[in-house]
Structures are given as structure tokens and as C-alpha cells.
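Got the viewer open and a selection box ready? Let's walk through this one stop by stop, starting with charged pairs.

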Amino acid sequence: MSQKYAAVKGMNDLLPPDIAVWQHVERTARKTLLRYGFHEIRTPIVEDTALFVRSVGEGTDIVGKEMYTFDDKGGRSITLRPEGTASAARAYIEHAMHQKEAVTRWFYMGPMFRYERMKTGRYRQFYQLGVEAYGVAEPAQDVEVMECVMHWLQELGLKDVKLQVNSLGDETCRPAFAARVKEYFEAHREQLSPDALETLSKNPLRLFDSKEEALKPLIAKAPILFDSLDDASRNHFTEVTRQLSMLGVPYELNPRLVRGLDYYTRTVFEFIAADPVLGTASAVGGGGRYDNLISELGGPKTPAVGFAMGLDRLALLLNGRSDALQHRPDLFLVSVDAAAHDEVMRLARSLRHQGLAVEFDARAGSVKSQMKRADKSRAMYALVLGEKELAEQKGNLKPMREELPAREVQLEDLARVLKGLG
RNA sequence: GCGGUCUUAGCUCAACUGGCAGAGCACCGGAAUGUGACUCCGGGGGUUACCGGUUCAAGCCCGGUAGAUCGCCCCA
């Protein structure tokens, strides 16, 4: 099974019938997000490397070791986007959106790239759908964004996804808390693995995220961020949770929830699915508020909140439902001879123009082989055309999906009958 | 970046301690000649991931490479 060419490691082809689940996820997202007044944007897949370094953060793993970076022929360093928020923020600033409207609500979907070791639900080219809401500092915006995701997940029939929320505070209270956390873990250095020590020196809050069993008791006794929030951040967070409750959106407080990107302020949240098909990749999405990102990238001071969902992981969760989502042609036409095949082509063209999904086998061949093809196509009905049918202009419409008797129809009535039958 | 397991037909997998590489599914064709899916018969498909080594003989043993998969780090 030696192949001359294969897809690049960590990057996968998506083929039928699996693609049906993806289309379902995307279709449902577009429909739901539009109801909330979010509008789709498409940005380039590459950006200046500096944009990601600046926004995602110098000390993060993404920037430190996971970016696909290369020089183009003009000597510019460009990078395949590892996430979507930086590109959207750049577009927001570049197009001076703040001068055009007070509030901007965008969503995007598409491939992202990170050079990582693969495992279930994690690929080097993966797909995210993200939402960004700019211009609103009020907690209601955080809440609307979270509620919107829960709504979308519900439309997809994913009931077992939990929303976890936390507040990271902001630039006035977080540094002091980070220092307390560092101090706490420093005092227990001897219990830390080399990996953990590394994290401690780079970004102590991220220790909360560790999956090392040995660390768990230590994490459990660590200082709680909520106790260190200043009044503004505490009030913001309290209001976020009050409004979530008020709307009946189920959520859990997770005081250990931190996120891997540097730009988050105050509210952060994650969507967690317990389904074993995800392995240890239990987070299907996450997001938060990033009130400083736009100004850090050179734009005006603009509050913002957003999230990104991992579409690969949603697709994994929905794989069991692939069958019901497959396309079914309304009709498969079968010809007995050359004259009938001409009529099949004419009839197919006519019915397709009337909005019906109609297929036939361009190779013709035996009636039997065409019928097999009809079965494979998953068509609802098959119709065989031969000398008799052409002469009488009528034929037997045969149900393929269930055991029912065929029904005689005039060829000119086909479209009406098929639409009536559903 | 670190560690474990694995790689045989398009897919899922067989092949006793090294001894002629197989099955099911799928695909194609046929079974009174114009009706699928069920049944029966037949057919095409493989340098056993790749490179090298040991041996009279390697799918099987040894080394390397690539890929897949699981855990850690980290993340969607």
C-alpha cells in the first residue's frame, strides 16, 4: 500500500459521506448566528507573523513552537493563522470599523494551522468557527455570546455540552493575583515536575490547567482568583452569572479555568463535552472577553468578547448521526435502450430545472446495473423508461426506500407527483 | 518536544514455534433475456508501509525511515 503522494501529516481530506456532518454543522451555525445579528467575514489564511506574536502572546505554546511560519518571496515573514481572533481584530482596525458603527458583530469559519503532535480531535489543519462582538463592555454582551453558542449546540442536538465560566480579572488586579499564585507554587517547588516548573516561570496561572495527577491536590488548595478581583471586575463577573441564571442558561463556575492565549481579560469560558469519542480533548470550544486586544494592536480602545468552536470536535460528536444527514435524490432514471436514454436525459434536465434532485447513469448499461446504481444513490424512487413508456408517455414510479407497490404516472405529471410525495 | 502501541486487498481483519498470502464486506459481471436492496455463481484486485540486515527460506526476527493511534506538555 505504498503511495507516491499522501496528504501532509495532520491534514485530512473530508469526503462524502462524512462531509454531510460538517455541512450540517456549518448550515446550522449560519442560520443560528444570523438570528443573533452576527455577519460572516472571511480573512486571509496567512498574516504577518508579528500579528500573531503580538496578539496571541510571546510566551504561549502557539507562538513558541506551533506556528507554520515562513518567508515569502519578498522576504516577509508570514504565518498560517493558528487562530481567528487576531485576523478579525486586524480587519476590524484596518477597516476602521469603530468609525462606521458603534457595535460590530462578526463570525468566521475556516481552517487554522498549528504544528502539534496529533491525537484524537487534534490536527495540524483544523477548523474553527468563531464569533467576535466589538464595542460593548457590558456583561450582557458576554452573556449573549455564551447563550448564542448554547443555542447553536442545542440546534445541533448536542445536549451534553457544559458551559464553564470564570473571570481572569484585568490588568489592575491580575498581576497581583499571578504573583500570589507564583508565590504559592514556589513554596511547593519540590512537588513540581520539570514541565510544571517551566510553566511556573512562564505563566503561573496556566498551572491550573495541568492534567498531572500529582499536581491536583496542590491546585485544589491554591488561591482563588475571584477573591482577588477588584470591584469593577467582580461586579462584571457577578452580573454575567446573574444574567446567565436569569436566562436559564446552565453553567458551572470553574475558578481554575484559565485559557492559553494572553489576550483574555475578565470573562473566560469553555464548552466541555464528556463524550469518550473525544478522548482527552474534552473542550469543544472556548472564548472570553479581550478588552485590550484592539488597542494593543494599534486600534482605538475597544471592548470585545468572542469565542471559537472546534468544528472537528463537533463533527466527532455528531458522527453517529451521519446517516440521517445524507443527501437523497428524489428520483433515479433508468433507460432500456438508446432511444430511452435520450429521453432520460431530457426528462432529468426538465425535472432538475423544476427543482428536483434527479440522477441517472450516463454509462447506461444493463437495466439491472442501473437499478443497482439507483439503490446506491439512495434515491427515493426509480423509474424505468423503455419502448412501452415512450409510446404511452407513462411509467411505473417505484419506491426504493420502502416496500410499497409501484405507482403508474404520466411522465408530464412526474414533477408534480414527486413534489407531492415529498 | 517526551513516552507507549500499531502498519497485510478500497474497508475490517486472518495466516500454529519463520515454510506456496487468505476471508468477509465493497466493486464489476452473470443466474429465461426490462427492475435494486435479500439468495446463488464467477471476476478483477497485494513487491505484506518504505529501506536495509539475519536466514536455505521473512508478513513473522533485528535496525532505520515514514505514517497511524494513545498518553504527557499544550490546545479547538
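Start with the salt bridges: a search of the whole structure turns up 23 of them, counting any side-chain nitrogen of Lys or Arg within 4 Å of a carboxyl oxygen of Asp or Glu. Select Glu 40 and Arg 30 for one example, with 2.8 Å from N to O. This pair ties together distant parts of the chain, 10 residues apart: Glu 40 sits in strand β1 (residues 39-40) and Arg 30 in helix α1 (residues 19-35). Helices (H or I, at least four residues) and strands (E, at least two) are DSSP runs, numbered from the N terminus.

Some housekeeping before you click on. This is a predicted model, in which local features need pLDDT of at least 70 and side-chain atom pairs count only at pLDDT 80 or more, while totals for chains, interfaces and linings use all residues. Residues are numbered from 1 along each chain as its sequence is written, chains are lettered from A and ligands numbered from 1 in the order in which they are written, and side-chain values use heavy atoms, with hydrogens and water left out.

Next, colour chain A by domain. The assignment (automatic or from a database) gives domain 1 (19-173 + 229-321) and domain 2 (327-421). Their C-alpha centres lie 48 Å apart.

Now show RNA strand B and select what surrounds it. There are 51 residues around the strand, and Thr 120, Arg 206, Gly 260, Glu 389 and Glu 403 come nearest; to be near, a residue needs a heavy atom within 4 Å of the strand. Which element gives the largest share of this surface? That is α14, with 7 residues. By type, the surface splits into 12 nonpolar, 14 polar and 25 charged residues. (Ala, Val, Leu, Ile, Met, Phe, Trp, Tyr, Cys and Pro count as nonpolar, Asp, Glu, Lys and Arg as charged, and the others, Gly among them, as polar.) On the RNA side, 56% of the strand B atoms within 4 Å of the protein belong to sugar or phosphate, and the rest to bases.

Zoom in on three polar contacts there, meaning pairs of N or O atoms within 3.5 Å:

- Lys 9: a polar side-chain atom is 3.1 Å from a phosphate oxygen of RNA strand B.
- Glu 116: a side-chain N or O atom is 2.9 Å from a base nitrogen of RNA strand B.
- Lys 388: a backbone N or O atom is 3.4 Å from a base oxygen of RNA strand B.

Hide the RNA and look for empty space. On a 1 Å grid over the protein atoms alone, a cavity is a set of points where a 1.4 Å probe fits but cannot get out; a pocket is an open set with protein on both sides within 12 Å along at least five of seven lines, and lining residues have an atom within 4 Å of a point. Grid points are joined across faces, edges and corners, and a volume is the space filled by probe spheres set on the points.

The second largest pocket has a volume of about 390 Å³. Its lining has 23 residues, with Arg 174, Leu 261, Asp 262, Tyr 263 and Tyr 264 nearest the centre. Helix α7 gives the largest share of that lining, 3 residues.

Keep Tyr 264 selected, since the largest cavity has this residue in its lining too, along with others including Glu 132 and Phe 307. That cavity holds about 30 Å³ of space.

Last stop, the backbone. Pro 16 and Pro 17 are joined by a cis peptide bond, with omega about 0 degrees. Arg 266, in strand β9 (residues 265-273), has a positive phi of about 55 degrees although it is not a glycine.

Methods:
Polar contact = N/O pair within 3.5 Å; in protein donor to acceptor, adjacent residues only side chain to side chain.
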